[in-house]
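The following explanation considers how charged side chains pair with one another. The reader is invited to keep the sequence and the model in view throughout.

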Amino acid sequence: MSSDNQDTETHSEQMDETQESQDTNSNPVRTEEAKLKAKYPNLGQKPGGSDFLMKRLQKGQKYFDSGDYNMAKAKMKNKQLPAAAGPDKNIVTGDHIPTPQDLPQRKSSLVTSKLAG
Amino acid sequence: MAGAGGGGNDVQWCFSQVKGAIDDDVAEADIISTVEFNHSGELLATGDKGGRVVIFQQETENKSQPQCRSEYNVYSTFQSHEPEFDYLKSLEIEEKINKIRWLPQKNAAQFLLSTNDKTIKLWKISERDKRPEGYNLKEEDGRYRDAATITTLRVPVFRPMDLMVEASPRRVFANAHTYHINSISVNSDNETYLSADDLRVNLWHLEITDRSFNIVDIKPANMEELTEVITAAEFHPHQCNTFVYSSSKGTIRLCDMRASALCDKHSKLFEEPEDPSNRSFFSEIISSISDVKFSHNGRYMMTRDYLSVKIWDLNMENRPVETYQVHEYLRSKLCSLYENDCIFDKFECCWNGNDSVVMTGSYNNFFRMLDRSQRRDVTLEASRESCKPRQVLKPRRVCAGGKRKKDEISVDSLDFNKKILHTAWHPQENIIAVATTNNLYIFQEKVN
């Protein structure tokens, strides 16, 4: 217990909360909240707010712009095409010009479900 | 006893069957994403992440041998949805089957609706057990006969053949959802159904695929003002004008389609007031409703949020009539559950046939049976270790802290990758289907 106190002393605003929960132990959720804030001090003030919901609405976004891709191809006509991105195939945005090879294979399951086996 | 539909602690649950691969190496496509019995309970459908549907059929019971339990065997399997890529929006469209809903049976064929994130399909499953034989112009294998060899005329007849079950897509309801479809629900009028995504609910006619009516739209004019999304929606089992939809803020709205064409204004708002002293960073996230289900009798509805199951009386909006804790011991683990994203897991729930017991899943392949009439609950486990035929399931106990008793498992030993999100209860009998990540377990009531 004493070691916990020493750790939280550096985050003075959390100290009261943690002490309170340690004293009473009646609100485990407050302890958890304090833990989270200690780890991620910049976590948004509105946890259920826009950022969180926006992320949910954008599930499945893959960043591929055929315009960018074709422009890049045109510029690189005389040079070698850039090698496919490394193992991190899910992130194809920013400076790297995505190529069809970078996007994960979208093949349908031709195999019968194992539940039917 | 067959037909009672009761359950809970006077019922002993036994292992009946398990479907799926035994090995631990689970391919993503094999992850089960939905489980649903049809209206008679004779058919059990599953959908998976690979877009495939597998339908099991209950074998007709051998009346002379009551000990012989009816088993579910594979009836039909087909690829319902394929992966797609929306090039215009740079959006990958998963083939994962989010929901399956059966239509009540009207004729010899069976119909079900299956949906992925964007497209709903109506599938017809029909049996063929005879075929015509004795064509004049064709051989049995289909090749055309040489006309010169045909000297007599015969009448083709139907002859029995091995049963063949065919699944064919009869309707494709596409392009009506900008956001991801989370629910579909067939109306009691047996003509229409609704589909809900994060921000909108649409009404369809089963016969018409090129038109859909928007009945709920909660998209704000400015997306920055977005505060909640629709998480589930369902039609009332008997009142064809009534449906409910739940939100990520823990509220349920009941809407009456007779009131207006656009049901943005609710008829009833079900919300339990929150104790302000309990408010925390996690409050809103754990209050998000992951499933809403009407009771069979249409008087109640059940909601599932991260830690509890609540039963609401449709006549009382200000609080639920019953609240059951599913896994309260997780309250002291919310920080790590937020970090590993488990706090966003969407658990479903279901009623038994006579609305006396409800069931929902948890972690470590545990599932919970909550008996409303006897006010008792039990935790059971779907595991390969309890797979002997007719083996009775032992109740499991989780130790929240302090000294762990002999048969208990401590919270820290729970496997959070083993989640039971989807369960289903036979509409009449005490038979339940429980889906672990890639296996389907069928448990039945112990028959003496």
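Arg368(B) is a buried residue, with a relative accessibility of 9%. In this predicted model, the side chain of Arg368(B) meets that of Asp377(B) in a salt bridge, with an N to O distance of 3.0 Å. Asp377(B), for its part, counts as partly exposed, at 42% relative accessibility. The pair therefore joins a residue under the 20% limit for burial to one that lies between 20% and 50%.

A second pair in chain B is formed by Lys293(B) and Asp291(B), whose closest N and O atoms are 2.9 Å apart. Here Lys293(B) is buried, with a relative accessible area of 13%, and Asp291(B) is also buried, at 4%.

A further salt bridge involves Lys114(A) and Asp30(B), with 3.3 Å between the closest N and O atoms. Lys114(A) belongs to the segment after helix H5 (66-75) of chain A, whereas Asp30(B) sits in the loop between strand E1 (13-19) and strand E2 (32-37) of chain B, so this contact joins two chains. Lys114(A) is partly exposed, at 40% relative accessibility, while Asp30(B) is buried, at 11%.

Which residues are linked with Lys114(A) in a network of salt bridges? They are Asp30(B), Asp48(B) and Arg52(B). As general background, side chains of opposite charge can pair when their charged atoms come close. Over all chains, the count of salt bridges comes to 32; among them are the pair Lys293(B) and Asp291(B) and the pair Lys114(A) and Asp30(B).

Technical notes:
Residues are numbered from 1 along each chain as its sequence is written. Chains are lettered from A and ligands numbered from 1 in the order in which they are written. This is a predicted model: local features need pLDDT of at least 70, side-chain atom pairs count only at pLDDT 80 or more; totals for chains, interfaces and linings use all residues. Side-chain values use heavy atoms; hydrogens and water are left out. A salt bridge is a side-chain nitrogen of Lys or Arg within 4 Å of a carboxyl oxygen of Asp or Glu. Helices (H or I, at least four residues) and strands (E, at least two) are DSSP runs, numbered from the N terminus. Buried means under 20% relative accessible area, exposed over 50%, partly exposed in between (1.4 Å probe, protein chains only).
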